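Reader: I have a protein model open on my screen and would like to walk through its pockets and its ligand site. Could you take me round?

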Amino acid sequence: MSKPYWNPIETASREELRSLQLQRLQNTVRRVYEKVPFYREKFDQLGVKPEDIRTLADLSKLPFTYKQDLRDNYPYGLLAVPLEEVTRVQATSGTTGRQTVVCYTDNDLNIWGEVTARALTSAGADQRDIVHVSYGYGLFTGGLGLHQGAQTIRATTIPVSSGNTKRQVQILKDLRSTVLCCTPSYALYIGETARDSGVTPDQLALKAGVFGAEPWTPKMRAQIEELLGIEAFDIYGLCEIIGPGVSVDCHCHDGLHINEDHFLPEIIDPDTGEVLPEGAEGELVFTCITKEAMPLIRYRTRDICTLNYEPCSCGRTLVRMSKPRGRTDDMMIIRGVNVFPSQIEGVLLDTKGITPNYMIEVDRINNTDTIEVSVEVAPDFEFDVIRLVEEKQRELERALQQVLNISVKVNLVGARTLQRSEGKAKRVIDHRQLHE
Ligand code: DLL
């Protein structure tokens, strides 16, 4: 039997957790005030001193940290330790603006290994498993993050990285990998490639997958599980906080347990910055309470979700966050209506005859916003029968109108014609930005 959890702290009482969190928060606040001029200035501007943090609720007195602050202090401006104590640098996968660089000490890397070990243990993995890591290795935190976790639980680790999908299938089959780690969109692509090469789930030894780095829906989970014959587990994280492992799914699949002995979560109103009551939906904010190299205070993730403090039936007491519904900066505003790509994906996954491979294009024509969704038909759909194609397009347009309250043009395309992603999928092209 594999262990039900990696560390007993995952089942600690709320009192025990709160006292640990407060002590760690106070230490961190003191340290950043002394060592990071950026924080000392921000604290001074607000007239708050480290000794003002007497309870966990006092967290709301502290200033927020934004992605722009990391850019402004690029590359080493937010370090709370001398550079020679930094043993690793990673960076965001961001495509616009300056890259966001984050630093780790040896101890930070150990914490990272610890939290990804919790994720793998939760997915049922232990020393006897063969963990196939197809997240990209390099500056992106996916590859090295899950690698570190697999090493921590002493599993056999295969650092495949992403790309060359046929070879991925071959390795899965030949090396008898039992746990697959990659983005959910890449898991789907690997599953399709296996199916197209005639490899069935029973020819693989896979039992579980640890998928994250992008939003995905429960329906997409079901498809991946069927294609690969596994149980799929979600994993969430962001490079600024540590990378993958900030929160992890359990076999109940009812929210992701935040490793809150290391990362203190809050939900705030993204417009006013006010802390919202338990259960309310808002922007997730994290304070790092154990990191040495670059502990961030009240970091604005832009991810929208809710928190649930009810103990979970898996036995863990760590607070659960709902799957992020989207990001405040992913949200499209179409003719004044807020639209999240995940809402569109939900409709597509509810419809028979198509696949969840899609691309959303937004434009502005004659001062009116337009939105068009191209979606691939399933391999067995009779794409050459025009009547069927038109009917399916109309069915989807009606369903999308109902969910989004705006009209959407749907364009059905042939099976396997849209580009696949080997990392995070890019699903939205907003042409409006080009005209601005
Ligand atoms: O994506 C770290 C990671 C790697 C997580 C591998 C899980 C697995 P960044 O590149 O900094 O870090 O992107 C962070 O990705 O703020 C979310 O918007 C999104 N994200 C990450 N995991 C999930 C998830 C990594 N499970 C940003 N569900 C975050 C939904 C996710 N969105």
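Reader: How much space lies in the second largest pocket?

Author: Happy to help! This is a predicted model, where local features need pLDDT of at least 70, side-chain atom pairs count only at pLDDT 80 or more, and totals for chains, interfaces and linings use all residues. Residues are numbered from 1 along each chain as its sequence is written, and side-chain values use heavy atoms, with hydrogens and water left out. On a 1 Å grid over the protein atoms alone, a pocket is an open set of points where a 1.4 Å probe fits, with protein on both sides within 12 Å along at least five of seven lines. Counting the space filled by probe spheres set on the points, the second largest pocket holds about 500 Å³.

Reader: Which element gives the largest share of the lining of the second largest pocket?

Author: Lining residues have an atom within 4 Å of a point, and the closest of the 24 to the pocket centre are Arg195, Gln223, Glu226, Leu227 and Pro356. Elements are DSSP runs, with helices (H or I) of at least four residues and strands (E) of at least two. Those giving two or more residues to this lining are helix H7 (184-196), helix H8 (218-228), strand S18 (354-365) and strand S19 (368-377). The largest share, 5 residues, comes from H8.

Reader: Is Met220 buried or exposed?

Author: Met220 lies in helix H8. Buried means under 20% relative accessible area and exposed over 50%, with partly exposed in between (1.4 Å probe, protein chains only). Because its relative accessibility is 1%, Met220 counts as buried.

Reader: Which backbone atoms lie 2.7 Å from a nitrogen atom of the ligand?

Author: A polar contact to the ligand is a pair of N or O atoms within 3.5 Å. For Ala213, a backbone N or O atom lies 3.0 Å from a ligand nitrogen, and for Pro215 the distance is 3.5 Å. The 2.7 Å distance belongs to a backbone N or O atom of Ile235.

Reader: How many residues of the shell around the ligand are charged?

Author: A residue belongs near the ligand if one of its heavy atoms lies within 4 Å, and of the 21 residues around it, Asp234, Ile235, Asp303, Arg327 and Lys424 come nearest. Asp, Glu, Lys and Arg count as charged, Ala, Val, Leu, Ile, Met, Phe, Trp, Tyr, Cys and Pro as nonpolar, and the others, Gly among them, as polar. The shell has 10 nonpolar and 5 polar residues, and the charged ones number 6.

Note on methods: A polar contact is a pair of N or O atoms within 3.5 Å; within protein, one must be able to donate a hydrogen and the other to accept it, and residues adjacent in sequence count only if both atoms are side-chain atoms.
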